[in-house]
Protein chains: 2
Amino acid sequence: MKATIYDVAKEAGVSIATVSLVINGKGKISEERREEIRQIIMRMGYKPSMIASALTGKKTYALGLLVPDISNPFFAEIARAVEDEGQRHGYSVFICSTDNKDEKVEHYAALLQQKNVDGIIIGTGLKELSVLKPLLQGGVPVALLAREFPSVVVPSVVVDDYAGGAAAAEHLISLGHRHLAVLAEQDSISSSRERVRGFKHTAEAAGITLDPAFVLSSGIKEGKNKAQELLQRDDRPTAIFCCNDMLAIGALRAAKELGLRIPQDCSIVGFDDTVLASVTDPPLTTIAQPIEQMGQTAVQLLIRQIGQPGEQPERIVLTPSLSIRQSSMALRRYPEQSIS
Amino acid sequence: MKATIYDVAKEAGVSIATVSLVINGKGKISEERREEIRQIIMRMGYKPSMIASALTGKKTYALGLLVPDISNPFFAEIARAVEDEGQRHGYSVFICSTDNKDEKVEHYAALLQQKNVDGIIIGTGLKELSVLKPLLQGGVPVALLAREFPSVVVPSVVVDDYAGGAAAAEHLISLGHRHLAVLAEQDSISSSRERVRGFKHTAEAAGITLDPAFVLSSGIKEGKNKAQELLQRDDRPTAIFCCNDMLAIGALRAAKELGLRIPQDCSIVGFDDTVLASVTDPPLTTIAQPIEQMGQTAVQLLIRQIGQPGEQPERIVLTPSLSIRQSSMALRRYPEQSIS
DNA sequence: ATAATCATTGAAAGCGCTCCCCTTTGCGCG
DNA sequence: CGCGCAAAGGGGAGCGCTTTCAATGATTAT
């Protein structure tokens, strides 16, 4: 059986209180005793049970991370950053893939609460804001990552999605494109909405109006089909802005299936700049999110919230940056006939 | 404050034992009382603390997943499968990225043990096998995923790496390649060794000897450089087998930087078939691992081990399959001069 | 030398829950 | 009418640890 604090105490001929104090480096214990007990702990291979210490009203040193899908590279990279930063502060993290389904969010939220996690990072969208209520009522510290729910006051890290969308538009417009399309995520996802808004406004400011028929929403699965819809039109756009890299990849595939060349026949700009963007064919021009920093910051905000529950929640805005690769190019002013 | 079982008991006018029994659906309680207490639990929003119930000698319903890097798509996909299958059985999972460093493995192993996880899935390599000892001695159920340590008897899921390597060789040889090279992972990783072995043997059986100078080991970071080494030789290989897709991508990049065309100037075969393989330029011919099944099986084995600690550990071998895309092609028998 | 002061350490009360085992109550039966 | 028994529910002892508070002996001031 595993050694307990009692075993150590008996072995050392002291009370468990003393052992506890030594472990936590507290109290007034003579240095000799301290060292002696440390030796014994080492020798017995004793490791205090975090379960028991958690029960004593202390913390569990566990965090929950809610994301849509850990197998999506963007969230996998986020997870890594969260894990590392958590680790740095002594926290372990539970991963929870919600598939953006409220039921799953609800399920995981309740579960994490039962597991008494010290805090939860929410990096997943939710249709019904009410799923968060039990958490907030339960007093579980929460930090929002790349998501926002205006009516909820909790710390959050976001990237300036509007600016990102705008940057995409600027890039495309500067390349001469005027016939633009957008492939967005579901409308319920605020970051996507913002990206589209930034894109749209910037286009409008340049005198370009986006035909609603050229602004499609879709999940990752149907992304390719939606892109194909766009690409098959007679008045096919000369550039498509995709609200994430997965969608952009769908577009790339759609183009390939239709025999269209990217970027010659259509420029494509993605969003995220995960590992995927650099390995596609062609490599994706995309709006880069500072993923690592996002994860780190979220953990920091959360931990601060855990420490000072009352404190005014902070809202940190990170700035995305344009990463130009080969899926976008200047519009040819005088399109030649296809040579085939 | 959060409601406890006492609050519920008081509210219902029964003892906490009764409430506990109702929660766990045990004992002899009249159906009316049962229902009544359920109502109260619901009404009060009471959720039993898993910490407390874990302390009472029960399970924590938490698993640990040790992988080299959760941001690596292969492991991210594994993680998703593990998470889902775990969830299906009521378990949550802690992610632990070890970067293949023994110290981190050790650190996480100890941590998970302190957190009293019910079991650990080890999907990371280790140089020193001894880091596992504390776990096994501590009686923590363990399952190995895509790794093997012959001297340790624990359940494990592996794919037949040897067969995978062989399949890669067969493919390449059938395309007429005879001048082969291999980009392997560190030698400490047994799966990589097996892949190389399968590849080598198959090549030899076809009368092809691999010059050791054409078998390079490298981490993902230096993969590109190693590939460049290979590709810059005067007697450049006509095909490279890379022990994972990341390495293959490194090779793809190296080729591009050197102005070499893939697959015309050199065929490349990867291993894993993560999402990456399908989005590269060109899409990767690769040996596909049944990732989802691997994750699921690992969880199942682990859970079985948790249930019957004494039971003879099972070893399940899954079979990889060749997934042909565009990074490999038949060797041109009479190489033309480069046109440029 | 004696009381007062400190540094050390131990005893014990929980934390919220599970589970063994005992008490109470209600019945059927001789 | 008394007995045994089953059913229903309560009591209470932990699980391993933290922490408060008091007790102990040592130390120092008077």
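**View 1. B:Tyr6 meets a base of DNA strand C.** In this predicted model, an N or O atom in the side chain of B:Tyr6 sits 3.2 Å from a base nitrogen of DNA strand C. Pairs like this are polar contacts, meaning N or O atoms within 3.5 Å. B:Thr56 also reaches a base: one of its polar side-chain atoms is 3.2 Å from a base oxygen of DNA strand C.

**View 2. B:Ser49 and the backbone of DNA strand C.** Here a polar backbone atom of B:Ser49 lies 3.2 Å from a phosphate oxygen of the strand.

**View 3. The protein surface around DNA strand C.** Look for 26 residues near the strand (a heavy atom within 4 Å); A:Thr18, A:Arg33, B:Ile5, B:Ser20 and B:Tyr46 are the closest. Of the strand's atoms within 4 Å of the protein, 71% belong to sugar and phosphate. By type, the surface splits into 11 nonpolar, 11 polar and 4 charged residues.

**View 4. Two copies, chain A and chain B.** Turn chain A by 180°, shift it 0.1 Å along the axis, and it lands on chain B with an RMSD of 0.1 Å (a least-squares fit on C-alpha atoms of residues with pLDDT of at least 70 in both). That's how a two-fold axis relates two copies. Both copies use the same surface: 100% of chain A's contact residues (heavy atoms within 4.5 Å) recur in chain B.

**Notes.** Residues count from 1 along each chain as written, and chains are lettered from A and ligands numbered from 1 in written order. Local features need pLDDT of at least 70, side-chain atom pairs need 80 or more, and totals for chains, interfaces and linings use all residues, while side-chain values use heavy atoms, without hydrogens or water.

Terms used: A polar contact is a pair of N or O atoms within 3.5 Å; within protein, one must be able to donate a hydrogen and the other to accept it, and residues adjacent in sequence count only if both atoms are side-chain atoms. Ala, Val, Leu, Ile, Met, Phe, Trp, Tyr, Cys and Pro count as nonpolar, Asp, Glu, Lys and Arg as charged, and the others, Gly among them, as polar.
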